[in-house]
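Trainee: Can we go through the ligand and the empty spaces in this one? I'd like to start with the ligand.
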Amino acid sequence: MSNWKEIWGGRAVAVQATSLADLIRADGFDTGAGKVDTQAWRNYAAELARRLGIATGDSVFEVGCGSGALLKVFHEASHPVGGIDYSQALIEHAQRAMPGMSFRTAEANQLAGAAQDFVIANSVFSYFPDLDYARDVLERMLTMARKGVALLDLPDIQCRAAAEDFRRSALAPGEYETRYRGLDHCYFAREWFAGLTATRGWRIEVSVQWLADYGNAPHRFNVILTRIVA
Ligand SMILES: C[S@@+](CC[C@H](N)C(=O)[O-])C[C@H]1O[C@@H](n2cnc3c(N)ncnc32)[C@H](O)[C@@H]1O
C-alpha cells in the first residue's frame with residue numbers, strides 16, 4: 001500500500017464543526033487544483049442523483065467516504081447513508097456529522113455488508129495502488145449495489161502528462177516534487193471499465209467530470225453504472 005494511507009490516516013480534522021463547507025475542507029477539496037465551493041458541490045451531487053436515478057428514500061453508501069462531504073448532501077435530503085474509509089479520523093468526523101448513520105474504518109478492498117441501493121466512490125480510486133486493487137473494489141461495489149454504482153473523479157490515463165504538469169504549476173517551484181515524491185496517482189483508461197462490466201447486466205455511461213470550477217476536472221472522468229432490469 002502506498003503511503004497515501006499515512007497521509008489520509010494522519011489528516012487532522014482542524015475544525016470539529018460539520019457544515020458542508022467544513023466537510024468539503026476536511027476531505028481535501030480546499031487547496032490548489034482541488035478547491036471546490038459548496039454550491040458547485042451541491043450541483044455535483046444533484047447531477048449525480050439525476051444520472052444514477054436516485055429516488056426518495058434510496059440508500060447511498062460510499063467507499064472512501066472520508067468525512068462524508070458528498071454523503072452529507074444526500075443525508076440532508078433524508079437518504080439513509082453510510083460509508084467506509086481507511087482514515088479513522090475522517091470516519092469519526094463523518095459519524096459526528098451524520099449521527100445515527102453507519103460509518104466504519106476499513107480498507108476499500110475489505111468492502112462487504114448489507115446490500116445498498118447505490119454504492120459510490122468520489123475521488124478515491126486515484127489513491128489505489130494498482131488496477132488489480134481497483135478491480136477488486138469495483139467487483140465488491142457491484143455485488144453490494146441493488147441499483148447503481150458511481151465511480152467519480154477518475155484520473156484519465158490519456159491526460160497523465162497534462163494532469164501532472166497542471167498540478168505542478170498550481171504549487172511553488174520544487175514543491176510538487178517534495179510534496180508528492182513516492183505518491184503516485186492511479187490512472188485509468190475509459191475502456192477498462194466497459195471491459196469489466198460489459199455483458200454482465202450493467203448499463204455503463206462514461207462522462208466528463210462535471211464538477212464545476214474544479215481545476216482537476218479536465219483530466220478526470222466519471223463512470224455511472226446502472227443495473228439493467230430485465
Ligand atoms: C479526496 S478524499 C474524498 C473523500 C470523499 N469521497 C469525498 O468525496 O468527500 C479521498 C478519500 O479516500 C480515502 N481512501 C483512499 N484510498 C483508500 C483505500 N484504499 N481504502 C479506504 N479509503 C481510501 C481517503 O482516506 C480519503 O478519505
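Trainee: Which polar backbone atom is 2.8 Å from a nitrogen atom of the ligand?

Mentor: One that belongs to glycine 64. Keep in mind that this is a predicted model.

Trainee: What about side chains? How far is glutamate 62 from a nitrogen atom of the ligand?

Mentor: A polar atom in the side chain of glutamate 62 lies 3.0 Å from a ligand nitrogen. Tyrosine 86 has a side-chain N or O atom too, and that one is 3.2 Å from a nitrogen of the ligand.

Trainee: And how much of the ligand does the protein bury?

Mentor: The protein buries 99%. That is out of the 590 Å² that the ligand exposes when taken alone.

Trainee: How many residues surround the ligand?

Mentor: There are 22 of them. The closest are Asp27, Gly64, Asp85, Asn122 and Tyr133.

Trainee: How does that shell split into nonpolar, polar and charged?

Mentor: Nonpolar residues number 13. Another 5 are polar, and 4 are charged.

Trainee: Okay, on to pockets. Where does the ligand sit?

Mentor: In the largest pocket. The volume of that pocket is about 890 Å³.

Trainee: Which residues are closest to its centre?

Mentor: Trp4, Trp8, Asp27, Gly28 and Tyr127. The largest pocket is lined by 44 residues in total. Asp27 was also named among the closest residues around the ligand.

Trainee: Which element gives the most to that lining?

Mentor: That is α1, which supplies 3 residues to the largest pocket. Elements with at least two lining residues each are α1 (4-9), α4 (69-76), β2 (81-85) and α8 (175-180).

Trainee: What classes of residue line the largest pocket?

Mentor: The lining has 24 nonpolar, 11 polar and 9 charged residues.

Trainee: Next pocket, then. What volume does the second largest have?

Mentor: About 170 Å³. Its lining has 14 residues, and Phe61, Gly82, Gly83, Ser102 and Gln116 lie nearest the centre. Two elements give two or more residues to that lining: β2 and β3 (102-105).

Trainee: Which element gives the most there?

Mentor: β2 does, with 4 residues in the lining of the second largest pocket. You met β2 before, as one of the elements in the lining of the largest pocket.

Trainee: And how many of the residues lining the second largest pocket are charged?

Mentor: Just 1. The rest of that lining is 8 nonpolar and 5 polar residues.

Trainee: Last topic, cavities. How many are there of 30 Å³ or more?

Mentor: The structure holds 1. The largest cavity has a volume of about 50 Å³.

Trainee: Which residues line the largest cavity?

Mentor: Pro155, Ala163, Arg167, His185, Tyr187, Asn216, His219 and Arg220. By class, that makes 3 nonpolar, 3 polar and 2 charged.

Trainee: How does anyone find where empty space is left?

Mentor: A probe the size of a water molecule is rolled over the atoms, and that shows the empty space.

Methods. Residues are numbered from 1 along each chain as its sequence is written. This is a predicted model: local features need pLDDT of at least 70, side-chain atom pairs count only at pLDDT 80 or more; totals for chains, interfaces and linings use all residues. Side-chain values use heavy atoms; hydrogens and water are left out. A residue is near a molecule or strand if one of its heavy atoms lies within 4 Å of it. A polar contact is a pair of N or O atoms within 3.5 Å; within protein, one must be able to donate a hydrogen and the other to accept it, and residues adjacent in sequence count only if both atoms are side-chain atoms. Accessible areas come from the Shrake-Rupley method with a 1.4 Å probe; for residues, only the protein chains shown count as cover. On a 1 Å grid over the protein atoms alone, a cavity is a set of points where a 1.4 Å probe fits but cannot get out, and a pocket is an open set with protein on both sides within 12 Å along at least five of seven lines; lining residues have an atom within 4 Å of a point. A molecule sits in a cavity or pocket if more than half of its atoms lie within 2 Å of its grid points. Ala, Val, Leu, Ile, Met, Phe, Trp, Tyr, Cys and Pro count as nonpolar, Asp, Glu, Lys and Arg as charged, and the others, Gly among them, as polar. Grid points are joined across faces, edges and corners, and a volume is the space filled by probe spheres set on the points.
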